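Biologist: Could you take a close look at one part of this model for me, the sheet and the helices that pack around it? I'd like a connected walk-through rather than a list.

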Amino acid sequence: MRFADKRALVTGGGSGIGRATCYRLAREGAQIVVADLRAERAQETAQQITDEGGHAIALTADVSDATSVEGMAQGALDAFGAIDLLVNNAGIAEGDDLLTFDESTWDLNLAVVLKSVYLVSRQILPGMLERGSGAIVNVSSVNGLTAVGQEAYSAAKAGMINLTQNMAVKYGPQGVRVNVVCPGSVRTPIWDGIVAENPQIFEKLTRWYPLGRVGEAEDIAAAILFLASDDASWITGQALAVDGGLTAGIPGLLADVNTDAGKEKETS
Ligand SMILES: NC(=O)c1ccc[n+]([C@@H]2O[C@H](COP(=O)([O-])OP(=O)(O)OC[C@H]3O[C@@H](n4cnc5c(N)ncnc54)[C@H](O)[C@@H]3O)[C@@H](O)[C@H]2O)c1
């Protein structure tokens, strides 16, 4: 039980990666605050944990809104007294081409993906610093590491990585670790709109993944738990790509290089 006696707050805990993280944390002993914009989804996650004999409460919050976040933090502290682990996971991915989306789409991505980390962390960090311990895991994306489209979302995800580094360096001496995971394509409801238009999307994407499949929410939850746990007690400020090898290289390119090299040998 890596998280016995730990109190965790997971934003976006009502779906996908956040929900899988809540379930795993609860199974390893943590008490969970499940926070989400969608009350009924947060409630479902908390109920499932309670049904399995764990401890969880659900809170409704908009992580892009300072007043809402303040209420969420107060609710979490009222329920559990303190928060030892924070997972900044809530997110959306809106708009694709910067020449076609409007300013409000840019602002929305930046607010929900990046500003939220600032808003939530500034509520939860002070308690961690007072106790001299705590772990924060932010959920960025491979979009924050390289160009794969969705410019507003990607820029916000890249910002999360630098914010993680700054927080890690600033608060490390006071016992708080801050890391970030960068998932590749993960089969969750965030893809629902794309899947509706392109039902074979995950099969198409598979060819880019050296490990031969897209990710599942549990793959990311496992990495989040590692970084949140004492197993990672000497790791801070790191961006961990959890992406089936996607950002390590391009399988098609490798195949072409090898084929070309083979041809050159044959003809020489
Ligand atoms: N699924 C992927 O392929 C993938 C890849 C890389 C990164 N990510 C990131 O992982 C995180 C989780 O995404 P997911 O795939 O589980 O998606 P999801 O849509 O299944 O879950 C996201 C959750 O965040 C909540 N949320 C959205 N806006 C919110 C707000 N303003 N305040 C509070 N909650 C809000 C949603 O209600 C939802 O429950 C996101 O940050 C996403 O960008 C996902």
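Modeller: Here is the sheet, followed by the helices and their contacts. Keep in mind that this is a predicted model.

Let's start with the sheet. It is open, has seven strands in the order E3-E2-E1-E4-E5-E6-E7, and its pairing is parallel. At the edges you'll find E3 and strand E7 (239–242), each of which pairs on one side only. On average, neighbouring strands here are turned by 20° against each other, if you ignore direction.

Now zoom in on the E3-E2-E1 end of that order. Strand E2 (residues 31–36) and strand E3 (residues 55–60) run parallel and are joined by six bridges. For a handle on the register, look at Val34, which stands opposite Ala58 in E3. To get from E2 to E3 the chain passes through helix H2 (residues 39–51), and this β-α-β crossover is right-handed. E2 also runs parallel to strand E1 (residues 7–11), with five bridges joining the two. Here a good marker is Thr11, whose bridge partner in E2 is Ala35.

While we're in E1, have a look at Arg7, which is found in this strand. Leaving aside residues up to four places away in sequence, Arg7 touches Gln31, Phe80, Gly81, Ala82, Ile83, Asp84, Leu85 and Arg131. Leu25 is 18 residues from Arg7 along the chain, and their C-alpha atoms are separated by 9.5 Å.

Next, the helices that lie across these strands. Helix H1 (residues 16–27) lies across E1, E2, strand E4 (85–88) and strand E6 (176–183), and runs at about 170° to E1. Helix H3 (residues 66–80) lies across E1, E2 and E3, at about 160° to E3.

H1 also packs against H2, the crossover helix: their axes come within 10 Å and cross at roughly 20°. The two helices are therefore roughly parallel to each other, and their crossing is right-handed. On the H1 side the residues are Arg19, Cys22, Tyr23 and Ala26, which meet Arg41, Glu44, Thr45, Gln48 and Ile49 in H2. Sorted by class, that contact has four nonpolar, two polar and three charged residues.

H3, for its part, packs against helix H4 (residues 103–131), with axes that come within 9 Å and cross at roughly 35°. This crossing is right-handed too. H3 brings Ala66, Val69, Glu70, Met72 and Ala73 to the contact, and H4 brings Leu119, Val120, Arg122, Gln123 and Ile124. The class count is seven nonpolar, one polar and two charged residues.

From H4 we can step on to helix H5 (residues 151–171): the pair packs at an angle of about 20°, with axes 8 Å apart. H4 and H5 are therefore roughly parallel to each other, and the crossing is again right-handed. Among the H4 residues making the contact are Trp106, Leu110, Val113, Val117 and Leu125, while H5 contributes residues including Tyr153, Ala156, Met160, Leu163 and Met167. By class, this contact has 16 nonpolar, three polar and two charged residues.

Definitions and conventions:
Residues numbered from 1 in each chain as written. Predicted model: local features only at pLDDT ≥ 70, side-chain atom pairs only at ≥ 80, totals over all residues. Heavy atoms only, no water. Pairing = 2+ DSSP bridges. Helix = DSSP H or I, 4+ residues; strand = E, 2+ residues; numbered from the N terminus. Right-handed = clockwise from strand over helix to strand, strands pointing away. Axes fitted to C-alpha atoms, helices over the stretch in contact; angles between N-to-C directions. Left-handed = near helix turned anticlockwise from the far one by under 90°. Contact = heavy atoms within 4.5 Å. Nonpolar A, V, L, I, M, F, W, Y, C, P; charged D, E, K, R; others polar. Parallel < 35°, antiparallel > 145°, perpendicular 65-115°, else oblique.
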